[in-house]
Amino acid sequence: MPERNIDFGKYGAHGIKGHEAVARQLDALANFIATPITQRRGLLARLHYLTRTDHARQAARDAGLTVTDRTLKAWLDGKRKPSKKNLQNIETAYRTVRRHNVARYLLARLNRDGRGTRVEFHPLNQSQVPRPRQRAIQYRTLNVRQWNRIIEAWAANNDAALDDAWINDATVDLGSEWGEYEYVTNIGFAA
């Protein structure tokens, strides 16, 4: 694409890719468990979420948590502690299952029967860029009406698909200035 930044930050600009900011905001809307997995309370909350029904257990297995029921019971009873690798597997499985479970709800809230959701684009930070090289980038808002591909890519944790969906389904609607918002300090929206 002609407007894609090839050498971002060369002159001192700071920001993150727009799709990463969107994923961060969607993660905040998903209401993940706040207690760290390294604490007993956080571990138990994640394990209960992943094992409360047969469907949840199957989803956890599909997401990569492949331990026996006996091991899960020992973890839940506090008789054994998971290794660091298993803690990482539990966290990954929990986030994958949680994203999958809330995706349909978020999609309905963000699409709002075709009305869409107002999105705020906060421009990148140019405070470290020398004055002659700074660009005049405005704070922008846009009503994004189609969230289907964005939510689908986020739920699948597919970074490349999320970038493609965010650029082609949302940012491009900013008009000829869409390339200025490939990197941002924040993307804001609510559901």
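Trainee: In this predicted model, which residues does L50 touch, not counting residues up to four places away in sequence?

Mentor: Once residues up to four places away in sequence are set aside, what remains for L50 is a list that includes R57 as well as Y94. Given in full, the residues that L50 touches are A56, R57, A60, L65, I90, A93, Y94 and V97.

Trainee: Which residues of the largest nonpolar core touch the most other members, and which helix gives the largest share of this core?

Mentor: The largest nonpolar core holds 52 residues, and those touching the most other members are L26, L50, W147, I150, W154, W166 and I187. As for where this core comes from, the largest share amounts to 9 residues, and the element that supplies them is helix 5 (residues 84-111).

Trainee: Which residues of helix 6 are buried, and what covers them?

Mentor: Helix 6 spans residues 148-155, and its buried residues are I150, I151, A153, W154 and A155. Two of these, I150 and W154, are also among the core residues that touch the most other members. The cover over the buried residues of helix 6 includes helix 1, helix 5 and helix 7 (159-169).

Trainee: Which residue just after helix 6 takes a positive phi?

Mentor: Helix 6 covers residues 148-155, and the place to look is just after it, where a phi of about 55 degrees is found. The residue that takes this positive phi is N157.

Trainee: Is D27 buried or exposed?

Mentor: D27 has its place in helix 1 (residues 18-29). Because a residue counts as buried under 20% relative accessible area, and the value for D27 is 17%, the word for D27 is buried.

Trainee: With which side chain does the side chain of D27 make a polar contact?

Mentor: Leaving aside neighbours within four places in sequence, D27 is in contact with F32, R99 and W154. The polar contact from the side chain of D27, at 2.9 Å, is made with the side chain of W154.

Trainee: How many helices and strands does the protein have, and in what order do its elements run?

Mentor: From the N terminus on, the order of the elements is β-α-α-α-α-α-β-β-α-α-β. Counted by type, the protein has 7 helices and 4 strands.

Trainee: What percentage of the contacts with a separation of 6 or more is accounted for by residues 24 or more positions apart?

Mentor: The protein has 191 residues, of which 41% are buried. Among contacts with a separation of 6 or more, the part that residues 24 or more positions apart account for is 72%.

Key: Residues numbered from 1 in each chain as written. Predicted model: local features only at pLDDT ≥ 70, side-chain atom pairs only at ≥ 80, totals over all residues. Heavy atoms only, no water. Helix = DSSP H or I, 4+ residues; strand = E, 2+ residues; numbered from the N terminus. Buried < 20%, exposed > 50% of the residue type's maximum accessible area, 1.4 Å probe, protein only. Contact = heavy atoms within 4.5 Å. Polar contact = N/O pair within 3.5 Å; in protein donor to acceptor, adjacent residues only side chain to side chain. Core = buried A, V, L, I, M, F, W, Y, C linked by side-chain atoms within 4.5 Å.
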